[in-house]
Amino acid sequence: MNAQQPLPLIGVTMGDGAGIGPEVIVPAMLDAATLGRCRPVVIGDAARLREAARILGTDCEIVTVPTPAAAESVPGRINVIDLGLLPDGLPWGVLSAEAGNAAYEYIKLAARLALAGEIDGICTAPLNKEALHAAGHVFPGHTELLAHFTGVEEVSMMLSTEKVKVIHVTTHIGLIDAVNRIEPGLVERTVRRGHEAMVRAGVAEPVIGVCGINPHAGENGLFGYGEEEEKIVPALERVRRDGIDARGPLPADTAFFLASRGDYDLIVAMYHDQGHGPVKVLGIEAGVNLTVGLPVIRTSVDHGTAFDIAGTGKAEAGSMIEALRQAAEMSTAR
C-alpha cells in the first residue's frame, strides 16, 4: 500500500444482535493489527455493543457517528452508525424477529453506503436465517441479500482459510436442485469469478481445482449419468482457452487434501456441503466467507450466531479479525 494512501473504510454490520456478533466485533475493532489495516465503522446498535463490552470486561469508548467519514480510527475507540433498532433488554441467545429485522436493516444500509462510495468494503457479523424470515425478509442469507441490494443477478460464495479456499457453483438449495441447476455456463462463470478474486488477492496465476459432482468424479461413467462430461468439462475447456489454469473434474474426496498441501490455490465445489464440510474441518476457527461478483468487497466470519454461547463472553474473535484483514486487503487492491 502507498504510504500516502488512506486506509480503506470498512463497514462492519453487527448481524443478529441476539447472537455473538457484538461479542466478536468489540475485540476485533480494538485489535491493533486491524487498526493498522483499515478504518472500521460498525453499522449496528451502540447500546448492544456497550453491553457486549461490559460482558467481555473490555474498557473502550463506543462513539456514535453520523457517517463513515466522521469515524476517528484511534486505539480504544469503536465508531458506530447507530440504527437503534434493538429493544432494551433483548435476551441473548433467543430467536427474535426484532433482531432479524435489525440485521436486515444493517446490511441494507451497508450496501447503500458501499454503492455510494462512502465505504470501501463490507465485513459482516453472522445473522440468523430463521430470525430474518420471522421478520418477513425471506432471503437465504447475506449473500443473496447483498446481491438483491446491489442489483446483481449472480454471485458466488467463497470460503477462505489458511489451508484452503473454495468457491461454490451452487449454495443454499437442495442437492437434487443443485445438480439440476449446474450447467456449463454457471460453472464457467464461477471459475472466472474465482480466478478474478484470487488475482485480486495477490495470486498472479492461480491453480484452480474443479470438483466433480459424482463419487470419484464419475469414474469415467461408472457413477452417475455423465454429469461431469455434460456440465463441467465444456466449461473447463472454455476457461483454459483464456489462459485460466483450471484442472478437473477432480474427485472431491481428495481435492481438498491436495489443496491443503498446496497443490491448488482454489477449489471449485459444485454444491454447499461439498465445499463447506472440508473447509470447516480444515479451519473454521479463522475461516472467512467472501461474496464474489458484487460491485463491492464483502467478507464475513465463517461461523453462525452461536446462540448457545451468546452473552457469555466465550466467543472467539479470530474469524472476525481475519475477515476484516481480507476486506481491507481486497478493498485496497480494488
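## Exercises on helix α9 and strand β10

In this predicted model, helix α9 buries Glu227, Glu228, Lys231, Ile232, Val233, Ala235, Leu236 and Val239.

**Exercise 1.** Find what covers the buried residues of α9.

*Solution.* Start with the cut-off: a residue is buried under 20% relative accessible area. In α9, the buried residues include Glu228, Ile232 and Leu236. An α-helix has 3.6 residues a turn, so residues three or four places apart point the same way. Now look for the cover. It includes α7 (175-181), α8 (184-200), β8 and β9 (245-250).

**Exercise 2.** Compare the reach of α9 with its expected span, then locate its kink.

*Solution.* Take the residues first. Helix α9 runs over residues 227-241, which is 15 residues. From first C-alpha to last, α9 reaches 22 Å. At 1.5 Å a residue, 21 Å is expected, and the two values are close. Next, the kink. It lies at Val233 and is about 35°. The proline Pro234 comes shortly after. Finally, step past the end of the helix: Gly243 follows α9, with a positive phi near 85°.

**Exercise 3.** Are the two faces of strand β10 covered or exposed?

*Solution.* Strand β10 spans residues 266-269. In a regular strand the side chains alternate between the two faces of the sheet. On one side of β10 sit Leu266 and Val268; on the other, Ile267 and Ala269. All four are buried, so both faces are covered.

**Exercise 4.** Which residues of β7 and β8 stand opposite Val268?

*Solution.* Take β7 (residues 165-168) first. It pairs with β10 in the parallel sense over 3 bridges. There, Ile167 stands opposite Val268. Now β8 (residues 207-211). It pairs with β10 in the parallel sense, over 3 bridges. Here Val210 is the bridge partner of Val268.

How values were computed. Residues numbered from 1 in each chain as written. Predicted model: local features only at pLDDT ≥ 70, side-chain atom pairs only at ≥ 80, totals over all residues. Heavy atoms only, no water. Buried < 20%, exposed > 50% of the residue type's maximum accessible area, 1.4 Å probe, protein only. Pairing = 2+ DSSP bridges. Expected span 1.5 Å × (residues − 1). Bend = angle between axes of the 7 residues up to and from the residue. Contact = heavy atoms within 4.5 Å.
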